[in-house]
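Here's a quick tour of a two-chain model. Take a look at the structure first, then read on for the fold, the shared sheet and the interface.

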Amino acid sequence: MSRIVLDMSVSVDGFVAGPDDGPGAGLGIGGEQLHAWLGPGGAGPRSYRPTDETGALVFDEMLATGAVITGRRTFEFAGGWDGDHHDAVPVLVLTRNPPDAPAPGHARYVTDVASAVEQAKAAAGGRDVMVHGAVTAQECLKAGLLDELELHLVPVLLGQGRRLFDGLPPGYVELELLRALDGPGVQHLRYRVRREA
Amino acid sequence: MASVRLDMTISLDGFVAGPDDGPDQPMGEGGFRLFNWLDRRDDPGPSGEVFAESLATRALISGRRTYELAGHWGGDHHDGVPIIVLTHDVPDGPPPGSVRFATDPADAAAQARAAAGDGDVLVAGAGAGQALLRAGEIDELELHVVPVLLGQGRRLFDHLPARPVRLDLVRRLTSPPGEDHARRVTHLRYRVRRA
């Protein structure tokens, strides 16, 4: 059974990017430290891999997913990963206004979060689904569609930028810490959403 | 040398209180959920350990809002240590117990460090924490991260400048296996890296 898993690097003060993020500068000012744990890389997620054991473990889990759900902004800031995030799995790109041109490579545009999750699950063939991007995370949370959160907590306060948890309605979402791994310059915290609570 | 340590309980989404906090509802709507872990404050184990450390500090800096909501702690937060309340507007009349007022964050930190001697300084309250962070006066953070999303409320990290502050994790303590869900918490201690 596929789990819908948010995967995000986040500062201790809750930002996924510093201020002034944009195309080609997806992490904003000062935000590059958020991805330092991934090690050096270039084009596309496959060009990275942490050299430490815990980092490699969580990274490999992320790239063992069978589909990716992301937001239009994240997708475009990343140059659309040239149409292939990893292993040619489907990339569902959430957007209110799909462009006329089809999405590149293995990406496709979706306007509704529930439909994105449905399509991703169907495509993932029992593997987990990776959710990436703050707005997409918020949409999934609001719709009650997220099963787990894998947060890479980076020891820095960015002060300003784009928040991971923002614009959510009031009310509890109870979580359970499933795993905490300490890597060099990062804590990997995996939480499960408790629906029975 | 005293370490000035911001000690706060937060939800995973970064709130210290739920929405609509005020005198009638100090923790905001639903915010008391954050304090369940304190049921373990007198027990052996991680939560007891970090709570004992907070009460071993030798001075307290509090924001005005926290001070008022806590009923001034009756003038004594713990062991009669000096309580320095950061406020824009110093009240008339003599302050209760070991309370004194400061209007400037750097001055509050200097007073607290002097009073604490070799001991540490506890900082309580989001407003005081932010003011001291802006002034570069926070040495350590002790965050009690509760596995819940509150969605809205009062944020711990807000109104800070876009100036990255590098931290180093000093310690991570997690509730023991078998702890009942409502009382689980992760205690993260960071040290502020000085440039």
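## Fold of chain A

A word on terms: helices here are DSSP runs of H or I with at least four residues, strands are runs of E with at least two, and both are numbered from the N terminus. On that count, chain A of this predicted model has 4 helices and 11 strands. Its radius of gyration is 16 Å, close to the 16 Å that the globule rule gives for 197 residues, so chain A is as compact as a globular protein of that length.

Along the principal axes, the C-alpha atoms of chain A fit a box of roughly 40 × 40 × 30 Å. Of the 197 residues in chain A, 47% are buried. Take the contacts in chain A with a separation of 6 or more: 64% of them link residues 24 or more positions apart.

## A sheet with strands from both chains

Which strands make up the open sheet? There are 9 of them, in the order β8(A)-β10(B)-β11(B)-β7(B)-β1(B)-β6(B)-β3(B)-β4(B)-β5(B), with mixed pairing. The edges are β8 of chain A and β5 (99–102) of chain B; each has a single partner strand, so one side of each is left without a neighbour in the sheet.

At the chain A edge, β8 (residues 156–157) runs antiparallel to β10(B), joined by 2 bridges. Here A:Leu157 sits opposite B:Val165. At the other edge, β4 (residues 83–86) of chain B pairs with β5(B) in the parallel sense over 4 bridges, and B:Ile83 has B:Val99 as its bridge partner.

## Helices on the sheet

Two helices of chain B are worth tracing. Helix α1 (residues 46–54) of chain B packs on the sheet and touches β1, β6, β7, β10 and β11 of chain B, its direction making about 130° with that of β10(B). Helix α3 (residues 105–116) of chain B lies across β1, β3, β4, β5 and β6 of chain B, at about 160° to β3(B).

## The interface

Between the chains, 31 residues of chain B are in contact with 28 residues of chain A. On the chain B side, β8 (148–149), β10 (165–174) and β11 (186–192) each supply at least two residues. β10(B) gives the most, with 7 residues. By class, the side of chain B that touches chain A has 15 nonpolar, 8 polar and 8 charged residues.

## Confidence

Chain B averages a pLDDT of 96, and 100% of its residues score at least 70. For the model, ipTM is 0.96 and pTM is 0.96.

Notes. Residues are numbered from 1 along each chain as its sequence is written. Chains are lettered from A and ligands numbered from 1 in the order in which they are written. This is a predicted model: local features need pLDDT of at least 70, side-chain atom pairs count only at pLDDT 80 or more; totals for chains, interfaces and linings use all residues. The radius of gyration is taken over C-alpha atoms; the globule rule is 2.2 Å times the number of residues to the power 0.38. A residue is buried if 20 or more other C-beta atoms lie within 10 Å of its own, exposed if 12 or fewer, and partly exposed in between; C-beta atoms are placed from the backbone. Two residues are in contact if their C-beta atoms, placed from the backbone, lie within 7 Å. Ala, Val, Leu, Ile, Met, Phe, Trp, Tyr, Cys and Pro count as nonpolar, Asp, Glu, Lys and Arg as charged, and the others, Gly among them, as polar. Two strands pair if DSSP finds at least two bridges between them. pLDDT is the predictor's confidence in each residue, from 0 to 100. Axes are lines fitted to C-alpha atoms, for helices over the stretch in contact, and angles run from 0 to 180 degrees between N-to-C directions.
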